[in-house]
Amino acid sequence: MSLAARCNSRLMYMHEIHKALSDIISTVEFNHTGELLATGDKGGRVVIFQREPESQTEPFSQGEYNVYSTFQSHEPEFDYLKSLEIEEKINKIRWLPQQNAAHFLLSTNDKTVKLWKVSERDKRPEGYNLKDEEGRIKDLSTVTSLQVPVLKPVDLMVEVSPRRVFANAHTYHINSISVNSDYETYMSADDLRINLWHLDITDRSFNIVDIKPANMEDLTEVITAAEFHPHHCNLFVYSSSKGTLRLCDMREAALCDKHSKLFEEPEDPSAHSFFSEIISSVSDVKFSHSGRYLLTRDYLTAKVWDLNMESKPLETYQVHDYLRSKLCSLYENDCIFDKFECAWNGSDSVIMTGAYNNFFRMFDRNTKRDVTLEASRESSKPRAVLKPRRVCAAGGKRRKDDISVDSLDFTKKILHTAWHPTENIIAIAATNNLYIFQDKLSSEMH
């Protein structure tokens, strides 16, 4: 093979790798009705899926989600002052409640939040007096009569247009955005600060949390996630890399550096190790739909906190405790820094979070049952049944279908999950594949 051919094949190979990386899903989010589902990927794209209406002739296709619209939300940029590349990866998507025929959503990469309008058009105006069919202005001397423009039906078009760009407010990488229950404001959080924005104002925001020390050498923790209370517009919570949660009330002060409540579980000194601080870092926090509870996820566990009890979590669920003996190797391959998300079902009775090997876990808070399920092409087929999986620790007794912890694939990880707001429908992002499971969950939890 010639040098030119080798270089060309290498370029093609690198392009394929880049394409595969850009397709990796980085966030998943249902809208408030569950009729739309949005995903963002590392290539800066947003794909919106729409739920199909029920079909009498094809019962197995009812409620399926099909692609509704795809658009490029963010492009790679370069910060010339800091000589830093700003990647296009979509970190978070949040829907605004629907107020009219159009839908609105917020998407963010590391630095810039954008507000998008998604609307449908099935008619087109025709018969302008001053424009021709191609939209060019006519010579006024040729206009001899006036006509009334009419709306002609056309094939349905989905139009996505940027409405606002909220930029230049974050020095560090944005990890969270959350829409307030007043539907007029939202907040964006990075490693050290949280900003409050009005949806109509792009040139300024209010800094409501700032944990940056005067000397960066004194930095001991960073903000990992933040969310508004679902019903009280003055309350929000943010989590830290030290495993703490801080509930703040914006009525108390303009700068919420002093929290109203601190949720923290005291560490067991006998269980302390080199990895303790890393695995205790909270990667996600979610208010329950009722607003009474908080769900958090750290590396090994999911915890439910009661807003009225700060001293310890109400419930603690072991997600993959069999990895505790593998922490050293997980540290060496950087998997220990993976940030898993968590989700509530519509009634706040079941929680869900991801794991490795394309497994995801569900915990029923009422029955205390838990199940491990696998996201795969076979299990996502219409008639397929989700089979519970079981991982056995190294050296433990194995049943027929058990999987040894040593054979888990740590490159297949489910970091991003979402639950339909009212129905038993979940969306699972497994690397560059999106799996949507419907009506297969109830039987697995009993």
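Let me start with a pair of strands: β24, residues 350–354, pairs with β25 in the antiparallel sense, over five bridges. This is a predicted model, so please hear everything that follows as a description of a prediction.

Within that pairing, I351 stands opposite F363 of β25. The two strands form a hairpin with four residues between them, and in the turn N357 has a positive phi of about 65°.

On its other pairing, β25 meets strand β26, residues 370–374, again antiparallel and over five bridges. Here the bridge partner of F363 is D370. So F363 comes up twice: I351 is opposite it in β24, and D370 is its partner in β26. β25 and β26 also make a hairpin, with five residues between them, and K368 in that turn has a positive phi of about 65°.

How many of the residues of β25 are buried? The strand covers residues 359–364, and six of its six residues are buried. F359, R361 and F363 point one way, while F360, M362 and D364 point the other way. Both sets are buried, and they include an arginine, R361, and an aspartate, D364.

Staying in this region, take T353, which lies in strand β24. Buried or exposed? T353 has a relative accessible area of 1%, and because the cut-off for buried is under 20%, it counts as buried. A polar atom of its side chain lies 2.7 Å from the backbone oxygen of E341. Leaving out residues up to four places away in sequence, T353 touches R297, V319, F340, E341, C342, F360 and R361. Two of those names, F360 and R361, we have just met in β25, where they point opposite ways.

Now the nonpolar cores. In general, nonpolar side chains tend to be buried together in soluble globular proteins. In this model the largest nonpolar core has 20 residues, and the members that touch the most other members are Y299, L323, L330 and L408. A second, separate core has 16 residues, among them A343, A375, I414 and I428.

Which residues does L408 touch, once those up to four places away in sequence are set aside? They are Y322, L323, N357, F359, V391 and I403. That list ties back to the hairpin, since N357 is the turn residue with the positive phi and F359 belongs to β25.

A word on cysteines. A disulfide is a covalent bond between the sulfur atoms of two cysteines. A search of the whole structure finds zero of them. C335 is buried, at 7% relative accessibility, and C392 is buried as well, at 4%.

Next, the start of the chain. Strand β1, residues 25–30, has five of its six residues buried, so it is largely enclosed by the rest of the structure. Five bridges join β1 to β2, residues 36–41, and the two run antiparallel. V28 stands opposite T39 in β2. This is another hairpin, with five residues between the strands, and in it G34 takes a positive phi near 85°.

Two loop residues, then. R251 sits in the loop between β17, residues 245–249, and β18, residues 261–263. At 65% relative accessibility, R251 counts as exposed, because the cut-off there is over 50%. Its side chain makes a polar contact with the side chain of D249, at 2.9 Å. R251 and N234 are 17 residues apart in sequence, and their C-alpha atoms are 6.3 Å apart in space.

The other one is S241, in the loop between β16, residues 235–240, and β17. S241 is in a loop too, but with 16% relative accessibility it counts as buried. Apart from neighbours within four places in sequence, S241 is in contact with E221, V222, T224, E277, S280 and S281.

Last, the chain as a whole. The secondary structure comes to three helices and 31 strands. There are 446 residues, of which 46% count as buried. Among contacts with a separation of 6 or more, 51% are between residues 24 or more positions apart. The accessible surface comes to about 24,000 Å², and carbon and sulfur atoms hold 50% of that.

Technical notes. Residues are numbered from 1 along each chain as its sequence is written. This is a predicted model: local features need pLDDT of at least 70, side-chain atom pairs count only at pLDDT 80 or more; totals for chains, interfaces and linings use all residues. Side-chain values use heavy atoms; hydrogens and water are left out. A nonpolar core is a set of buried Ala, Val, Leu, Ile, Met, Phe, Trp, Tyr and Cys residues joined through side-chain atoms within 4.5 Å. Buried means under 20% relative accessible area, exposed over 50%, partly exposed in between (1.4 Å probe, protein chains only). Contact means heavy atoms within 4.5 Å. A disulfide is a pair of cysteine sulfur atoms within 2.5 Å. A polar contact is a pair of N or O atoms within 3.5 Å; within protein, one must be able to donate a hydrogen and the other to accept it, and residues adjacent in sequence count only if both atoms are side-chain atoms. Accessible areas come from the Shrake-Rupley method with a 1.4 Å probe; for residues, only the protein chains shown count as cover. Two strands pair if DSSP finds at least two bridges between them.
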